[in-house]
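Colleague: Got a minute for some helix packing? Pull up the model and we'll go through it.

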Amino acid sequence: MTPHSPLGILDANTLEELARVICGDEHLYYRKGYEIARFLEHAGWQRVPEYDGEYRREWALARLAERREDPTELERVLLRLADPREYLDEPEQLPAVISAVNAFLIHEGVRLENPGGRPRLVACDPSLAHPGSRGPVELKATMTDLITDENMAGLLQHRLDEARTCYANGAHVAAIIMLGSLLEGVLVHVVHERDASLLGRTSPDRVSLDALIRTCHDAGWIGADVERFCHELRKYRNFVHPRAEIREAHAPDRDTLDMCWPVVNAVLNDLADSQPKAA
């Protein structure tokens with residue numbers, strides 16, 4: 001449990017939605033009545049009454065309402081919903097559950113995350129739930145589709161997770177810098193694994209992002225349109241140096257970030273499409 005929880009007293013409608021997800025249905029992880037009581041115990045609740053045969057959702061909602069004034073108890077429930085150990089029999093259910101919870105929890109200014117299988121609640125911008133405000137474009141290709149080095153693929157996936165966290169919390173410059181770092185990491189390893197000779201005498205540790213973008217385009221791995229917009233993302237990535245941002249006299253905002261996400265998405269898709277076929 002975090003020492004300073006971002007969770008406040010939840011709205012009544014939020015509690016109803018939370019009870020719905022805990023109970024599950026044909027689309028979400030289903031729990032029988034006695035399993036709901038056991039879930040609450042697994043979440044760390046003490047003195048959970050025995051399930052009495054009442055309608056599952058009503059019973060679950062009543063238990064949540066009893067502890068509504070104690071955000072710590074409700075945080076335990078939310079964290080358990082994002083805990084992989086709750087879905088050992090159906091691990092594929094976990095992402096759907098987290099997505100369902102975040103769809104309503106965002107209105108409370110928090111969201112569930114489980115990077116590395118460690119559930120946590122983080123504060124986020126409730127405006128992300130408003131009409132016309134969308135989250136970042138989902139990246140379709142996975143790191144392991146593009147990079148054989150499992151350690152590097154995991155590290156780059158972590159960079160992507162951090163970029164999403166920055167996005168959710170309104171840290172636009174930080175998110176763009178993370179995306180630029182991700183882009184550079186993917187490109188350098190793709191070039192190194194597909195044809196290291198394209199780097200010439202330049203060490204992978206010293207090659208510039210500008211050179212990597214041009215090299216991948218010249219090799220036919222990314223399209224001309226993708227190359228063009230990659231250079232724009234590269235310029236914003238350079239804002240990791242404060243003087244670069246001062247020289248540009250432009251502070252990236254959410255719109256800037258919303259334009260950068262599809263660029264990374266397009267790069268990964270192009271790289272996946274140009275992946276050499278196994279012999």
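Modeller: One term up front: a crossing is left-handed if the near helix is turned anticlockwise from the far one by less than a right angle, and right-handed if clockwise. This is a predicted model, with local features needing pLDDT of at least 70 and side-chain atom pairs 80 or more, while totals for chains, interfaces and linings use all residues. Residues are numbered from 1 along each chain as its sequence is written, and side-chain values use heavy atoms, without hydrogens and water.

Colleague: Which hand is the crossing of α8 and α10?

Modeller: Left-handed. Helix α8 spans residues 172–195 and helix α10 residues 224–237. Their axes (lines fitted to C-alpha atoms, for helices over the stretch in contact) come within 8 Å and cross at roughly 125°.

Colleague: So what does that make α8 to α10?

Modeller: Oblique. Angles under 35 degrees count as roughly parallel, over 145 as roughly antiparallel, 65 to 115 as roughly perpendicular and the rest as oblique.

Colleague: Which residues of α10 make the contact?

Modeller: C230, L233, Y236 and R237. On α8, the residues include I176, G180 and E184. Contact means heavy atoms within 4.5 Å.

Colleague: Switching partners. At what angle do α8 and α12 pack?

Modeller: About 15°, with axes 10 Å apart. That makes α8 roughly parallel to α12. This crossing is left-handed.

Colleague: Which residues of α12 make that contact?

Modeller: Among them are W261, V264 and L268. From α8, L179, L183 and V186 are among the residues in the contact.

Methods:
Axes fitted to C-alpha atoms, helices over the stretch in contact; angles between N-to-C directions. Helix = DSSP H or I, 4+ residues; strand = E, 2+ residues; numbered from the N terminus.
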